[in-house]
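Thank you all for making time this morning. I would like to walk you through one structure, going from single residues in the loops to the ligand and then to a pocket, so please keep the view open while I talk.

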Amino acid sequence: MSADLTVDLGFVTLSNPVILASGTAGHADELAPYMDLSIPGAIITKGISLRPRTGNPAPRIWETSSGLINSIGLENPGIDVFLRSLPSLVSKASVVGVNIFGETVSEYADLARRLNEVDGISFIEVNVSCPNVEKGGEHFGHNPDLVREITHLCRQAAPSKGIVVKVPPIIGGMDVCEAALDSGADAITVSNTIPAADVDLSSGRMVPGTAGRGGLSGPAVFPITVNAVRQVRQAFPGAKILASGGAAGSKDVLKLIMAGADAVQIGTVTFLDPAAGERIVGELPELVERLGIDSMSAARGSAIPA
Ligand SMILES: Cc1cc2nc3c(=O)[nH]c(=O)nc-3n(C[C@H](O)[C@H](O)[C@H](O)COP(=O)(O)O)c2cc1C
């Protein structure tokens with residue numbers, strides 16, 4: 001008998017634990033020419049805001065020996081244009097999550113309210129790793145009180161959708177995760193890109209972007225994600241956790257589940273292989289069977305020392 005790959009997140013059941021991560025799978029069905037979009041357990045669209053944003057000037061991506069540093073600056077067409085292209089993705093994907101961010105606390109609630117009315121969206125992923133324009137650019141995600149407020153407002157504004165809060169890298173305490181889980185999040189995504197920079201010897205400048213810094217993703221961050229997921233699982237045994245950071249193959253997906261994740265997002269690997277979502281789901285049954293794993297729920301957290 002083949003292993004049970006399904007994942008029960010409470011607000012939705014996924015056919016398997018592989019999720020295409022926000023920002024690496026497009027705003028709609030851009031990956032459709034490369035893969036069957038119904039195969040991954042879920043797809044999360046690129047971050048959307050109330051108004052369109054042009055993002056940062058190019059170059060916005062810098063390749064390192066084991067990952068990417070990006071400073072896209074949350075470019076997006078705004079919610080109105082986004083909602084016009086969404087039905088095409090909804091018709092192809094098995095489960096759709098929409099990633100949102102606001103420049104103010106109230107913008108998060110406005111976005112959640114708009115999305116609550118839209119059929120075909122299963123959950124809203126709330127990205128708190130962005131600057132609060134009302135507070136001099138402080139990151140919302142660095143302030144547990146603001147995370148609590150944002151989560152609570154989104155929960156109230158979107159009662160018919162799952163609320164997933166995507167927390168910044170776990171450095172130090174668990175207060176941001178606790179704030180999200182205490183104020184109505186159904187799940188948390190652990191975590192996001194990690195602040196990073198490089199020097200371009202040909203220009204003599206820090207890169208990427210005009211600020212000379214960005215967020216690191218890809219294989220370089222994988223072991224950091226494994227440790228962060230473990231820490232969050234130990235601190236919150238009953239929480240639903242989506243891992244995000246560095247997973248590039250079926251073995252990585254399984255390792256993150258064994259470290260405590262319920263499901264695993266894949267991002268940067270899609271730039272190398274646009275069909276990675278389909279490939280990784282295809283590899284999982286043989287891998288879990290070889291390791292004698294019966295179900296994803298049995299594997300979850302199984303590697304954490306007692
Ligand atoms: C080019 C690029 C754009 C991204 N855009 C978003 C975004 O709009 N919202 C968000 O929450 N995360 C965004 N991310 C972060 C990814 O969703 C993911 O959390 C991160 O890249 C770590 O996973 P990975 O190593 O599998 O890529 C982006 C990442 C990349 C590389």
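Leu74 is buried, because its relative accessible area is 19% and the cut-off for buried is under 20%. Please keep in mind as we go on that this is a predicted model. If you follow the chain to find Leu74, you will see that this residue sits in the loop between S6 and helix H1, the helix that covers 79–92. What is the phi of Leu74, a residue that is not a glycine? The angle is positive, at about 55°.

Let me turn to another loop residue, Ser49, which is placed between strand S4 (42–48) and S5. Ser49 is also counted as buried, because its relative accessible area is 3%, and the limit is under 20%. Which side chain does the side chain of Ser49 touch through a polar contact? The partner is the side chain of Asn76, at 2.8 Å.

For a contrast, please look at Phe11, in the loop that runs between strand S1 (7–8) and strand S2 (13–14). Here the relative accessible area is 24%, so Phe11 is described as partly exposed. Phe11 and Pro87 are 76 residues apart along the chain, and their C-alpha atoms are separated by 21 Å.

There are also two peptide bonds that I would like you to look at in the backbone. One of them joins Val190 and Ser191 and is cis, with omega at about 0°; Ser191 belongs to the loop between strand S12 (187–190) and strand S13 (194–196). The other runs from Val207 to Pro208, and this bond is likewise cis, with omega near 0°. Pro208 lies in the loop that links strand S15 (205–207) to strand S16 (214–217).

Now to the ligand. How many residues surround the ligand, and which are the closest? There are 24 of them, and the closest are Ser22, Gly218, Ser244, Gly246 and Thr268. By class, this shell consists of 17 polar, 5 nonpolar and 2 charged residues. If we go down to single atoms, a backbone N or O atom of Gly246 is found 2.7 Å from an oxygen atom of the ligand, and for a backbone N or O atom of Gly218 the distance to a ligand oxygen atom is 2.8 Å. A side chain takes part as well, since an N or O atom in the side chain of Asn127 is 3.2 Å from an oxygen atom of the ligand. On its own the ligand has 610 Å² of accessible area, and the protein covers 96% of that.

Finally, I would like to show you the second largest pocket, which holds about 230 Å³ of space. Its lining includes Glu63, Thr64, Gly67, Leu68, Pro219 and Phe271, and Thr268 is also one of the lining residues. You may recall Thr268 from the residues closest to the ligand. Which elements supply at least two residues each to this lining? They are strand S5 (61–64), strand S6 (67–70) and helix H7 (269–272), and H7 gives the most, with 3 residues. Sorted by class, the lining of this pocket has 6 nonpolar, 5 polar and 1 charged residues.

That is where I will stop, and I am glad to go back to any part of the view.

Key
Residues are numbered from 1 along each chain as its sequence is written. This is a predicted model: local features need pLDDT of at least 70, side-chain atom pairs count only at pLDDT 80 or more; totals for chains, interfaces and linings use all residues. Side-chain values use heavy atoms; hydrogens and water are left out. A residue is near a molecule or strand if one of its heavy atoms lies within 4 Å of it. A polar contact is a pair of N or O atoms within 3.5 Å; within protein, one must be able to donate a hydrogen and the other to accept it, and residues adjacent in sequence count only if both atoms are side-chain atoms. Accessible areas come from the Shrake-Rupley method with a 1.4 Å probe; for residues, only the protein chains shown count as cover. Ala, Val, Leu, Ile, Met, Phe, Trp, Tyr, Cys and Pro count as nonpolar, Asp, Glu, Lys and Arg as charged, and the others, Gly among them, as polar. On a 1 Å grid over the protein atoms alone, a cavity is a set of points where a 1.4 Å probe fits but cannot get out, and a pocket is an open set with protein on both sides within 12 Å along at least five of seven lines; lining residues have an atom within 4 Å of a point. Grid points are joined across faces, edges and corners, and a volume is the space filled by probe spheres set on the points. Helices (H or I, at least four residues) and strands (E, at least two) are DSSP runs, numbered from the N terminus. Buried means under 20% relative accessible area, exposed over 50%, partly exposed in between (1.4 Å probe, protein chains only).
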